[in-house]
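Biologist: Hello! I am new to this one, so could you show it to me and explain the terms as we go?

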Amino acid sequence: MFDNQKIRYLLIGGINTVFGYFVTVFLYYSLTNVLHTLVILGLAHIFAISFSFLTNKLFVFKTKRKWASEYLRYFFVYGNVALIAILLTWILTDYTNIPFWLVQALILPFTVIVTYLSHKKYTFKS
């Protein structure tokens, strides 16, 4: 079962999603009195992207390329998606009555689909 790359991607993706979601919510509620939402979201995305890169490289794709160049490609994909997610989160939390935790949950399907397609076509393309 775990020999199939697609199944590993889904399992690791679930772990990465949960990690990223809880790190983001934890940092938001821990630092919201000290830092602006955009700064908190930027920090959270750096942690989440780095964790996700490690799990995908080591357990899903098991690539042999150099770590630095692959991380840059990975960060490029997630960085662009993160910018969109950060802007959406900022707008929806600051200008609507939608709670932060719900905004994060609503944005999640968008980020999963876009990052999967980007990694398939760009980051881990052989």
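Modeller: Gladly. Let us start with a term: buried means under 20% relative accessible area, exposed means over 50%, and partly exposed is in between, with a 1.4 Å probe and protein chains only. This is a predicted model, where local features need pLDDT of at least 70, side-chain atom pairs count only at pLDDT 80 or more, and totals for chains, interfaces and linings use all residues. Residues are numbered from 1 along each chain as its sequence is written, and side-chain values use heavy atoms, with hydrogens and water left out.

Biologist: What are K57 and E70, buried or exposed?

Modeller: Both K57 and E70 are buried.

Biologist: What makes K57 and E70 a salt bridge?

Modeller: A salt bridge is a side-chain nitrogen of Lys or Arg within 4 Å of a carboxyl oxygen of Asp or Glu. K57 and E70 have an N to O distance of 2.6 Å, so the pair fits the rule. The count by this rule is 1 salt bridge. K57 lies in helix α2 and E70 in helix α3, so the pair ties together parts that are 13 residues apart in sequence. Helices here are DSSP runs (H or I, at least four residues), numbered from the N terminus.

Biologist: Why is V39 called partly exposed?

Modeller: V39 has a relative accessible area of 42%, so V39 falls in the partly exposed range. V39 is found in helix α2, and belongs to a nonpolar surface patch with V34, L35, L43 and F47.

Biologist: How do you know which space counts as a pocket?

Modeller: On a 1 Å grid over the protein atoms alone, a pocket is an open set of points where a 1.4 Å probe fits, with protein on both sides within 12 Å along at least five of seven lines; lining residues have an atom within 4 Å of a point. The largest pocket holds about 580 Å³ of space, where a volume is the space filled by probe spheres set on the points. Its lining has 27 residues, and T17, Y78, L108, T111 and V112 lie nearest the centre. Helix α1 gives the largest share of that lining, 9 residues.

Biologist: What classes of residue line the largest pocket?

Modeller: There are 15 nonpolar, 12 polar and no charged residues. Asp, Glu, Lys and Arg count as charged, Ala, Val, Leu, Ile, Met, Phe, Trp, Tyr, Cys and Pro as nonpolar, and the others, Gly among them, as polar.

How values were computed
Helix = DSSP H or I, 4+ residues; strand = E, 2+ residues; numbered from the N terminus. Patch = residues over 30% accessible without salt bridge, like charges linked within 9 Å, V, L, I, M, F, W, Y side chains within 5 Å. Areas by Shrake-Rupley, 256 points an atom, 1.4 Å probe, with all protein chains shown as cover.
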